[in-house]
Each structure stands twice: as C-alpha cells, then as structure tokens.
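Thanks for coming. I will go through one structure, beginning with how its chains meet and then turning to a sheet and its helices.

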Number of protein chains: 6
Amino acid sequence: MRILVCNVNTTASMTDTMHRAAAAVAGPGTEILSATPAFGPVSVEGYYESYISAAAVLDTLATWSGPEIDAVVWGGFGEHGREGAQELLDVPVITITEAAAMAACLLGHSYGVVTTLRRACPQIEDQLRLAGLLERCKAIVATDLGVLELEESEDATAAAFATAARRALDAGAEVLCLGCGGMAGMARRLTAELGVPVVDGIEAAVKMAEGLVHLGLRTSKINAFAAPLPKARPGWPISS
Amino acid sequence: MRILVCNVNTTASMTDTMHRAAAAVAGPGTEILSATPAFGPVSVEGYYESYISAAAVLDTLATWSGPEIDAVVWGGFGEHGREGAQELLDVPVITITEAAAMAACLLGHSYGVVTTLRRACPQIEDQLRLAGLLERCKAIVATDLGVLELEESEDATAAAFATAARRALDAGAEVLCLGCGGMAGMARRLTAELGVPVVDGIEAAVKMAEGLVHLGLRTSKINAFAAPLPKARPGWPISS
Amino acid sequence: MRILVCNVNTTASMTDTMHRAAAAVAGPGTEILSATPAFGPVSVEGYYESYISAAAVLDTLATWSGPEIDAVVWGGFGEHGREGAQELLDVPVITITEAAAMAACLLGHSYGVVTTLRRACPQIEDQLRLAGLLERCKAIVATDLGVLELEESEDATAAAFATAARRALDAGAEVLCLGCGGMAGMARRLTAELGVPVVDGIEAAVKMAEGLVHLGLRTSKINAFAAPLPKARPGWPISS
Amino acid sequence: MRILVCNVNTTASMTDTMHRAAAAVAGPGTEILSATPAFGPVSVEGYYESYISAAAVLDTLATWSGPEIDAVVWGGFGEHGREGAQELLDVPVITITEAAAMAACLLGHSYGVVTTLRRACPQIEDQLRLAGLLERCKAIVATDLGVLELEESEDATAAAFATAARRALDAGAEVLCLGCGGMAGMARRLTAELGVPVVDGIEAAVKMAEGLVHLGLRTSKINAFAAPLPKARPGWPISS
Amino acid sequence: MRILVCNVNTTASMTDTMHRAAAAVAGPGTEILSATPAFGPVSVEGYYESYISAAAVLDTLATWSGPEIDAVVWGGFGEHGREGAQELLDVPVITITEAAAMAACLLGHSYGVVTTLRRACPQIEDQLRLAGLLERCKAIVATDLGVLELEESEDATAAAFATAARRALDAGAEVLCLGCGGMAGMARRLTAELGVPVVDGIEAAVKMAEGLVHLGLRTSKINAFAAPLPKARPGWPISS
Amino acid sequence: MRILVCNVNTTASMTDTMHRAAAAVAGPGTEILSATPAFGPVSVEGYYESYISAAAVLDTLATWSGPEIDAVVWGGFGEHGREGAQELLDVPVITITEAAAMAACLLGHSYGVVTTLRRACPQIEDQLRLAGLLERCKAIVATDLGVLELEESEDATAAAFATAARRALDAGAEVLCLGCGGMAGMARRLTAELGVPVVDGIEAAVKMAEGLVHLGLRTSKINAFAAPLPKARPGWPISS
C-alpha cells in the first residue's frame, strides 16, 4: 500500500524528516510518499498559518497526479484541514494529532502534549476538543522552541522537551505526545530518557493508517465527509 | 467606523445580500464595506470548501488596500478561518455563528440553528463547540436547501425554514438562528411568522462589532491571537 | 430607546457609578435610566444577599411606573434573578455577567474574571455555568476588596485588580472581565495598564442591549420565560 | 432532632401535605416542623415566582423564632434559594431536588424527573446542572398539571404522572423523581403502579437530613457558604 | 433492618474497623453485619486488586447464607463491583464512594477526597466520573500511606490526612471525604481538627441505606441492573 | 510478535471465532494466541458477569505459562478488567471497545455501537465514558440477540444488526462498531450491505496492538498502571 505523508509547511527538509520517520516504521508492503505544499509558510505557528497550510495541503491533494494512494497522514500537530481531505478522498486521512493522542490513551490513564511555542497550545486544545480526545489530556506545554529550531540540534530539542515534559508529568500526564511534526523520529530516545512512553504522531499515524487500510476501512461518506458537490470554484485549486 | 463584511464564497450577489442586511442595521456613524474572495467556491457547503474559503478570506484581508477598517464580520455560518484573522488584525473579528448564538442565548433558555444542507450540521456543531456555545444549543437542523437555492425565492426559503424550525422547537429550542449568511435579511419576517425570535447572524455581528469598537475593545494579542511571526511564506498571499 | 440599569444593592452612590458608566457609552438615541432597589443589603456579597437582591430588583420591575423601557441591564456580576425579569417583561434583560463574558469570548481564546471577595467566586462560577459560558473561563480570582471598598480609591482598586489579574493571566486568560458592577468605568484604564482587553459588563450590556433593541429582538416567550401565570401572590410585590 | 420543612408557596394546605409526608417517614426521635412563607405566590411556577419564593423562605428563616432546628428541607423542586439558607444557618439545608436525584442515582443507572408544567423543565435542568447531578438524568418531562391541580385528585395526578413517566422511561430513565413538592406522599403508590422506583424528594430529604444530623455533619463555612457579613440591609427581613 | 457491610480486602481487622464505624452510627432498629471476602488481597491498592476484590465480594454475596439483608454497603473507596451486586440483589447497594461524595455535595459548594496512595487517585476519579459526581470534586489527593498503614497509628494517619487535606482545600474543596474504608471512624476527629466537614463513607452509606430501606426503595430492575440471566457459569461462585 | 486474544466468557467456540477473526487480519510476523477463562459465565451479559469475567481473565493472565506475549487484546465489548491487566503486564493491553471506537473516530464525524441485549447498553456507555470516547458516540443500540444467539446464524445476526444499525444512523452515527466480541468476522459483509464503515473491534485491536508493538511502545508504569505491589493475596489466583 501507499501512504502519503503531507507536510504542512514549505520547508522540504522537514518533509524529509517526516518521510524518514514514517519510512522507518512502515511495514514490509508499505510505500511512503511525501509531499510539500506548493505555497505557504516555511513553518506553521499559529492559526493564520494553519489555515493557509490547510488550503495548501488540500491544494496538493486536489491536484495530486502521482500514483494512487491508500491513506493520507496529515503531518501537522494541532493543524486544520483534515476534514477537507476526508471529503475529497475516500481513503483514510489521519492527523498526527489524533494518532498520537489515541496511542497515548491506549498506554496510560492520561496523557500530555509537549509542543513548540506557547501560542500553539490553544490551537492544539481546539483540535483535541473537536476530536473528542481532550478529556484525558492533562496538560499541553510548550518548549518555547520554534518549529524550525527543532532541526538545529537534536540534543537541544531533547533537553527542552525534557524540561517541558516534567511540567506535563507533574500535571498528571502518564504518556507524552510529540506535539509537532518536526519532532518526528525522537520518540525512542525520549522514551528511554524520560522513563515514560513518548508517542510520535507520524509513527502512530502510519501504523494506524496501515491498520485501517489492511482492514479495508474507508472514510464514511454518508454525511459529514461526503464528496464535495460539483460546482464552480474559480481560481481553485491554486496549483492547477 | 468602518465594518468589513466578508462573504466566504465567490458569488457576488450573495455578498450584496449580506451587505444590504448589514447596512440596514448599521448605526448612523457606521460605514459597511464588503468583500468577495478572489478565489474559491461559488457556495461553501462542507469542510473542503470551508477550508478553501478560510484561506480565501484571509487572502482578502492580507492584501486589503481599502480604507482602514475597525471590525470584520466573517460572513460564513459554521465556517473556518476566524482565528486567523484575529491574528492578522488587531480589530475585532466576529463570525456570524458566534454573534447569532450569543444573541440567541440572551433571548431564551436555549436555542437552535436552521441551516441549509444536512452535511453542514456537523461543521456547525464543531464551531459552536469550539466557541463554547454548544451547551445551550438544542438542535441544528437542515432545510435541505443549497446555499444558492436560498436566493431563488424568499417565500420558498421561508417555507423550508418554517418546516425545519418546527423540529428545532420540538427539540426544545426557544430562539432560532439563521444558519447561513445567505439567509441574511429574513429574520424579521421569520420572527413574525414563527412567533419566536429569529436571529440573523449578519445583523447581530454588525451590532456586536459596533459595540466593541465603541468601547475601544480589541483582540487580545498576548497569546493565541498574537500577530503572525515574521517569516517567509512563498506563494502567499495568493492575490499578491 | 430607554435602557434601565438596575443596581442590585441599596447603595445609591453605586447606582450612580453604574449610571455614569452606562451613559458614557450609550449611543445617541439611548436614554439611560437607573434604579436602586427599595430594600436589601447595601452591598451584595454572597448567595444570601444575592437572593434578597433578586427579589428586590424584581420588586422594582414589578412596580415600575416610570417611562416605558426597551431593555434592562441587571447590574450584578454573578447575581441571581435575571430569568425572573425575562418572564415578567418582553424586552431584553441582560446581566453584566453574560455581557462581559460574551464580549470577552469575542476578543480572546479564553478569559478570566477578577472580582471582589473570594466568597463571590463560586457564585460567579455557577452563573457562568448556567449561561453556558464557563468552558472558556480559565480563572475567577478575587481582589479581596469588599464591594463598598471599591468606591474608596480608584487607585487602590486598580492596584488590587492588577495583582489579581496576574493570577488569571497565568492561568491562561487572555481577556479579563470586571467582576463587579461597582468596578464600572475602570475598563479603559485597566486595559491600558495591563495590556490586555478588560471588559466592563455594564458597558458591554448597554451595547448588547442597544443592538438587540435596534434589531427588534425580544425575549422568547414560548416556554422558559413565558409571562408569569395570573394568580394570587399575597404580600407581593413588596413595595406595592 | 427537629427538621424544618419549608414550603415555597403560600398555600397552607400544600405545607400540610409536605408536613404529613415528612412526618410519615421521620425516625423515632425526629420532630417535623413546617413553615409557610409570609408572602409570595400561592404556587411557584416559573423563575419569577421561584425567586420571590427564595426571598420569602429566606425571610422565614431569618426571622425564625421557633425552637432550634437541626436541619432544613427546602420543599421546592427545581427552586432557588437553598445556598442562601446554607449561608444563614450552620445546619444542613437540603432541597428536595438534590435529595431525590441522589436517591435516584443510588437506585438505577439513570433517572428521570416528572414534574408539573412544561415551563418548569428548564428551571429543573438548571438546578440539577448546578448540583452536578444532571449527567445521569435522561429526561425531565411535564404532566401539564399546575401545582395546585395536584391537590384536586390523587387519581388524576397518578394518571398524568404515569403518562409522563412513560416518556421518561422511553428516554432511558430507570428511576423516577416526583418533580414537585406538591406530589409528596405519592411515591409508594406510583412505585407499585409503575414497577420502577419512584422517589419522593420530601421523604428522601428528611432521611438524608436525619443521617447528616446523626453524623454531626454541618455545612462547610470556609468559603461559599460562610455566614453573611454584618451589614445594613434596609427593609430586610420583610417580616421583621 | 439488617445492613451488610462488605469489606473489599481479606484483612479481618479492617472489616472490624468498618463494622465498628457502621455500628456506631446505625439507628436503633438496625443490625450491622459484615463480611470479609473469601479470597483476594490483604489490601486493595490499584486496579488489579480492585477487580479481584470485585469478584470476591460478588462471590460473598452470591453464596450468602446468613440472614436476609436489607441493604449492602460496599466498603471500598473508588473500587469496582457495585453494579454487579445491584444486579444480583434487589436491595440497595451503596458504595462508600458515592455516599461520601453525595454527603459532601450536600454540605459544601465543592469537595475533595483524601486517599491513601497516589496510584489510587485515577481510579477514584474514574468511579466519581461514572457516578456523575466528579464535577464538584476539586481535588483527589494522596497521603502516601498504604491501606494497611492506616491501622498502625491513628495519630500518624490524622497528621498525614491533615497535610494532604491542605492541598485539597487550596484547590477549592470545602468538604473532605475519607478516601479509604480503612479510615473509617476518623471523621469526627478530623472535622474538629480541620474546621471543615469530613465525611466518612461508611457512616454516610449506612445512613443512606437506612433511609432508602425505610422508604421502601429498591434497585430498579428494568434494565441496567436487571437480575442476571439464568445460565451456566462453570467454576462460579468460587466459594461454592 | 505474539498477540494474546482473551475471550471473556467460557464458551470455547466463541474464543475460536475471535481467534479466526484475529488471525485473518494479523500481519506476516504476528502469531495469534487465544485464551478462554478457567471459570465464569458462558456468555457475559451484564455487570455481574462482566466483573466475574474481569477476574477470570486476570486469573488467566496471572497464571499464564505459555510463550511470552507482546500484546493483549481484551475480547469483551464494554466489559471490565482491562486496567488490571495493564498493571499486571508491561505490554499493551487493548480492549475491543476502545479499538473499535478509535477506528470509528478516524473514519467519520461520529459513530454508533450496535450490540446484543439492551441491558448491555449502559455498561458500554460507562466504558466509553471512562475511555474519554463517548462524546462522538451518537447511539448505542441493541439487536436484542443474546451473545450465544450470535453464533446460531450469521444471516439472522446480519439482519438484526441492519435493523438496529438503522436507528444508530438515524441518530447521526456515520460509522458503526460491532458491539460484541461474538460478532467478530462480520465487518466486511456488513460494511458492504449497509454502505457505511463497520468496525470489528477484534480486528481493530489486533492492528493497533501490532502498531504499538512495532513502535516499541508499552504501558506507562509511572502511576495508574504501575505494577501491583508485592503482598499476600490468599486464594488468588484462582487457577493456581
């Protein structure tokens, strides 16, 4: 099967990071594809950029001319747009937010999220609330690292993560989620260092996508995510 | 003061409908401006189109070269994007969803929403949930009219509204909200016909915007809606 | 139009404070009236006094012989009685609690309330819960100033407010509400000093009342707030 | 011990009904006292009358010159005022709303309330919500009998109750609460006729009050229900 | 009437502690019986042991050959199994968790629980959530005493309780619950020492059970707690 | 890897059904093991039997002498006991309830559960509530088939499922969960017949378990699910 990992920002090196993390955990028959949006911010930090990225990723999907894909991983933590792709496509579309939170719920009584900037926290709270997954989330804490700073030094990121993680654990979290796609690939190291399970949303989403595809399950099209109605959309898609 | 009413679709006649409804209730010192997005669907029906429209309206605001505005009314009911504008601007940004629901909460113990297609209901539920306004909403019901059908015949729309309204009232709603920007201007007629207050989100948003501006209140910039960080956003804004 | 601002305590100077705050923001065609209850505590601090004040304000409204009014502002933050007035009258009745919280929700992702004594906090929590507006409230904090102390020194009140405000902001609030009618008139100063929007419920309620009246919207009378049934009520109203 | 049952309306025969129901279940060492308010509606139907009754019952308690009492039963279902008495007194104050709902929660997975007029339902919902007891309540349904009609014919009341009860059971309720103090004394008959436990709030409140008094438990005075502060309250109490 | 107090662990001295606490508050006509499970852990600390104890207590009840009982008190705080007994029997079955929390809700605006080990807190949270009683619970805090340590020194237990209680009060609790059956009998002392009502679940459950029995109320058998269906259960009950 | 599927009842043919369903979807490197409890009911229908089964499955795990296992699937829908296994073991333990509900949340805006007897519905509601997964569940409906009746005729089961499914869909569900382990293996047929995704909890749990194991994720042992403390447990395990 083919799983398409969609980065939400236009920084190709971050797409590569996610691609590698996804490929590292993909099953034998799984091919990982990845995509960088055609336009938008180099990092997504805040609602304004999240909405731009939502359109940019939908633009990518609406103009997709690559091989047929079996599932999509939406590679933004707490970002918007997933439901649009669920309308547009029939195959499962999974955000790293939901995948991480669900895995965390399977591993502890409660969980927490460690993310980048403090301004990202309310948006993550929104997305967990909409997903019906907020109740068992005890804390969403910031490292105060910007998205692109994550790429600079893995050690510095791990140290900042550990500091923020302590606050989440003190608030009652028993499992932690990497709260940014740019943290992909760090879960095993952090799990070992912190002594609590740390979930990488990219990894979790790939495994959940593989599972759903294997079971032949696809998005329900009977109401909320029915295909978009045929109509004129002048100027859309952007990349057409 | 100047209030900019942003239509979310690219049908200029619907922008006119909203403009007229807004101007009809604007106070003496208020100038109503309106804008149609530069791209996107002719009507917004579903998540996919809602996310496109979010970017399209943000594109309008990011490239705005008209006179300085004092408040923005986001003219889509249950649509996405408002928080992005709250980041981009300092002035109040009010959706017709929130404005209608708040006015309804001031007028009855509970309220309901009557909207267009059934597929719009989950999305409206999402937006009310995020706004913290879902608890007193007893029902979100569909007329099964498409957005553009609303423009065809006011009598047909009123009849469909009345039929759907009955189900909302039976579910315990005491006040009704017009669940689509395209229904703007019909509240007084429906209030009279149905014997319950019917709130037009365009009208309510204009009055709330006037109030906030008059009180000198602006969006809090200390965290969630802080200004977007300076950075590269290749290809954005679209209309630039 | 005429808006009646009802103080909930029997201290006429506090009625004057509210009247001035209301008049200062009223639109050109709005006449502000105000009323002090005929009986009850000189300040309302706690449930016992809140229930006395509820009856006292309802007594004022039931025996009102002044000019016809178009809306009522219930000038107690977190106090009881509003729904009784909604039954008794047809015109909008707005508490400063709801008006402040709604305005705050339009201006930030979350908000907080700064009030007088600590004992007021649970009661404010109750009223926000009933109004369906508690979800986005991150903190309700006390200045430990009694209601009548507010009148002694505006500087001392501002200082105490600022101290308490810090705790609300640390808890995640992005907008603050003046949590007592006696704080009316201080919002602009505090907004400037604190760098976050501070909402005065008296001011917000006046503008929301003006808006609803302008739109011709009145209380729904179909169930919860239907007019009181005709029946004997020996000894009531008190002032008759 | 002495338990004071406070009727909320001024119809003495209804006070007698409650008194009899309370006395019939009181333990050997319990003396039931009862009180009718000095003023207010002959029946409490709606918010307006509920707030009047709150003040009237508080007036009774504030001017009480009878023997010392050990607990108070607030005899209105869904009515206001209880917290005021909790401030004024040290002894337990229990509403028939809470007592019935708690007993119901001990007897089934979920419960329902059968009350008088439809207009009472939102108010009962409010009080259960504030008491934190709404979650397990599946339905609040009306018999459409006015409070004073309950006294006319026990058979007619039982028949109306049974009809309304059916709707509550269909909604998932497993236990029913008598939703009006005026229904006191009918629980055993209805339990037998309907085949599900029917809880009488007067009876339940008397037994819970006896229990708390026996255990030496009194209202917490550390914050919300601390004694009213000493201050002037001109014209209050009404009966003084 | 006869009330059976079921200890959840196999430490007979703890059964005696509960028996004494129950008997000390039982009314004149009440006989207290008690039972120690035939198998299982000497103290119940965690989910694993809670589920073992659930089966062990159900085994006791399924093989009960003593005199007919009128109510059961489930003597584990936050432990599992109560609903099973509600199916098996017709008489009221009350956990000390629910009884304590309900009594606490009658005595303050909010409450807290002080329990043994930190690992017990999530489980108590679960049971309060299921009982619909979590909303008014402001804190569940641990003394870090193991269940059997409670028996060693009442003074040490009281001291540890006081320390933990302070954290619950700081979090807003106004009433405290003894969060372990092994703390039975300490409520009066702690109430006096702490100046806030402290509720003993054993005591509260006995009085609530007496009340329900006196009122002739029994478990609803119409759905969730209908009698177990007749069928083979090889190897069960264990003690048979 | 080895995944152990634990049936909750003592009917070996049902263990076989689950085993087959699990094996049919297991990945190349996965070995499915299965276990039937040593004691307990032939079918689990209600709380009483659910608690017996919880102890019986924990007994199986506590006495497990087979090959080392990498994950456990708890094969009862809405049944108790999972957290006990999470304490006892380090490897992931996943109920079919959570797995099905999570998969459903990934595939639609809301979901429903179709189960066996009506008496199972409240218990399923409890387990979804505790898992924090109830919010998006629109309906839990019964086929009125007993657990063992499921094995009699697949066509009859499919027909009963379809009838019940209609009610769930009418209530707004967009995805359906097989609400009993005994329905395992029917999802593909029902998905095809009903036109909406139907999730088999056994299948979903196997794929989620495979995913977590592949990612090296294990249960958090820092608090709620820490290993049981060493202590005497006379008579336990039962099968020892």
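Where the chains meet, 41 residues of chain B are in contact with 41 residues of chain A. Contact here says that the C-beta atoms of two residues, placed from the backbone, lie within 7 Å. This is a predicted model, in which local features need pLDDT of at least 70 and side-chain atom pairs count only at pLDDT 80 or more, while totals for chains, interfaces and linings use all residues. Residues are numbered from 1 along each chain as its sequence is written, with chains lettered from A and ligands numbered from 1 in the order in which they are written.

On the side of chain B that touches chain A, the largest share, eight residues, comes from α2(B). Helices (H or I, at least four residues) and strands (E, at least two) are DSSP runs, numbered from the N terminus.

Now the symmetry. Chain B superposes on chain A by a rotation of 180° with 0.0 Å of shift along its axis, at an RMSD of 0.0 Å; the fit is by least squares on C-alpha atoms of residues with pLDDT of at least 70 in both copies. That is the relation of a two-fold axis. The C-alpha of A55(B) is the nearest to the axis in chain B, 3.1 Å away.

Next, the sheet in chain A. Four strands form an open sheet in the order β2-β1-β3-β4, with parallel pairing; a pair needs at least two DSSP bridges. β2 and β4 of chain A are at the edges with a single partner strand each, so one side of each has no neighbour in the sheet. Three bridges join β3(A) to β4(A), and W74(A) has T95(A) as its bridge partner.
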